[in-house]
Each structure stands twice: as C-alpha cells, then as structure tokens.
Amino acid sequence: MSAAIETRDLTLRVNGQTVGPLPVPVGTSLLDFLHEWLGLTGSRMGCGQGICHACTVMVEEEAGPREMRSCITGAHWFEGRSVRTVEGHAHTAPDGSLVLSPVQTAFIENFAFQCGYCTPGFVTGASVLVERLKRKPVRRDEVERVVTEALDPHICRCTGYVRYHQAVRDLVLATPGLTTA
C-alpha cells in the first residue's frame, strides 16, 4: 500500500500572469514548480543548496523586488505573491518581436557570460539592483561598491565575474536617475 502524496492548491502570479489554483505537493520547491508545472526552465538548478544563486527569481514586494532562491524555497511560500523569472524580464513588442531588458542587453553588449548557466541568476540580481536604484539612487563614486554587493552572492563557474560587473556598472552609470553626483 502506498501513501498518498499530500497536495495543497497554489495560486500566484508569474511574470504578470495569474497561475492556479493548481494542486501542488507540499514540499515542492518553487524551482521544480516553475520547471515541471509551468515549463519555465530559465532559472537553473546549480548547487541545490541556495549558495550559487543560479535559481534566483524576483519576488515583488511593497518596498520593491527582492531576490529569492527558488531551489530551497517551497512553492507554497509564494502563495498569493508575484514572481518574475528570467523569462519575465524581456517583453514582446507590438510587432511581435522580443525586446530584451536593459540588463539583458548590457550583458550581451559586454559578452558578459560564457557557458550561460549562471546568467539567469545574474540577470535577476542585476535587475533587482537597477529597480532598487530607480527608487533610491546612489552617488556615482559608490557604484562599484553597490554593484559588487549586489552580484557578490552569485557564483560563476566560468569566472565571468569581471564582465558581469562591468556590464552592470556601465548600465548603472549610463542610465539617467540611477546615480547622483
């Protein structure tokens, strides 16, 4: 005789769309939910322990978005919340073409990734930083420190750090309103 798997309904917003209610087994990680239920495989399973940040998603909160590691956080923690995955950073233009976010564009322009496995986490971390700076700009002489603090938790196996940091630093310095004199 096998034991029944306990499920609980889950409803949340993912990339601007309401999802659910769906019966999801208790204990399912958000990463597994995104991959298996929604087919959103951009966030990566890296270490499985929340250390590498390849699985990072954005959680929309009143004070602004924050990063959340989806491999170690249960899907049901996100009940009623709004989440943005790496797939949700770009948008579709009226003509049907894909428009990348400024962070994604900066990464491409700076050849900021090698294998790309960690890139979704870096895109998310940099996007959270940019959105935070829109609300509370920093002095130009603090940009290096702020970018380092934002990206430091993210691990790149290919040592792409210099280009990731350069892309985000250049984007912050070039975007009006993110810095002060």
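The exercises below work through the fold of a single protein chain, taken from a predicted model.

**Exercise 1. Describe the overall make-up of the protein chain, and explain why it counts as compact.**

Step 1. Begin with the secondary structure: the protein chain holds 5 helices and 9 strands, and along the sequence these follow the pattern β-β-α-β-β-β-β-β-α-α-β-α-α-β.

Step 2. Turn to the radius of gyration, which is 17 Å and thus close to the 16 Å that the globule rule gives for 181 residues, so the chain is as compact as a globular protein of that length.

Step 3. Set beside this the extent of the C-alpha trace, which spans about 65 × 35 × 35 Å along its principal axes.

Step 4. Add the burial and contact figures: 44% of the 181 residues count as buried, and among contacts with a separation of 6 or more, 58% are made by residues 24 or more positions apart.

Step 5. Finish with the accessible surface, which comes to about 9700 Å², with 54% of it belonging to carbon and sulfur atoms.

**Exercise 2. Work out in what order the 5 strands of the open sheet are arranged, and which strands lie at its edges.**

Step 1. The order across the open sheet is β2-β1-β5-β3-β4, and the pairing is mixed.

Step 2. The edge strands are β2 (17–25) and β4 (66–69), each of which pairs on one side only, while neighbouring strands of this sheet are turned by 40° against each other on average, when direction is ignored.

Step 3. For the parallel part, look at β1 (residues 7–14) and β5 (residues 82–84), which pair over 2 bridges in the parallel sense; here Arg13 has Ser82 of β5 as its bridge partner.

Step 4. For the antiparallel part, follow β3 to both sides. Towards β5, β3 is joined by 3 bridges in an antiparallel arrangement, with Val59 standing opposite Val83. Towards β4, β3 is joined by 4 bridges, again running antiparallel, and Thr56 stands opposite Arg69.

Step 5. Consider how β3 connects to β4: the two strands form a hairpin with 5 residues between them, and in the turn Gly64 has a positive phi of about 120°.

**Exercise 3. Determine which helices lie across the sheet strands, and whether β3 is mostly covered or uncovered.**

Step 1. Helix α1 (residues 30–37) lies across β1, β2, β3 (56–60) and β5, and runs at about 105° to β2.

Step 2. Helix α3 (residues 119–135) lies across β3, β4 and β5, running at about 30° to β3.

Step 3. Both helices therefore list β3 among the strands they lie across, contact here meaning heavy atoms within 4.5 Å. β3 is mostly covered, with 4 of its 5 residues buried.

**Exercise 4. Identify the elements that build the largest nonpolar core, and place Tyr164 within it.**

Step 1. The largest nonpolar core has 25 residues, and those with the most contacts inside it are Phe107, Tyr164 and Val168.

Step 2. Two or more residues each come from α2 (102–109), α3, α4 (143–151) and α5 (161–174), and α3 gives the largest share, 6 residues.

Step 3. Leaving aside neighbours within four places in sequence, the contacts of Tyr164 are Phe107, Ala112, Phe113, Cys118, Thr119, Phe122, Leu151 and Cys156.

Step 4. Apart from this core lies another, of 15 residues, which includes Leu30, Met68, Ala75 and Phe78. As general background, nonpolar side chains tend to be buried together in soluble globular proteins.

Notes:
Residues are numbered from 1 along each chain as its sequence is written. This is a predicted model: local features need pLDDT of at least 70, side-chain atom pairs count only at pLDDT 80 or more; totals for chains, interfaces and linings use all residues. Side-chain values use heavy atoms; hydrogens and water are left out. Two strands pair if DSSP finds at least two bridges between them. Axes are lines fitted to C-alpha atoms, for helices over the stretch in contact, and angles run from 0 to 180 degrees between N-to-C directions. The radius of gyration is taken over C-alpha atoms; the globule rule is 2.2 Å times the number of residues to the power 0.38. Buried means under 20% relative accessible area, exposed over 50%, partly exposed in between (1.4 Å probe, protein chains only). Accessible areas come from the Shrake-Rupley method with a 1.4 Å probe; for residues, only the protein chains shown count as cover. A nonpolar core is a set of buried Ala, Val, Leu, Ile, Met, Phe, Trp, Tyr and Cys residues joined through side-chain atoms within 4.5 Å.
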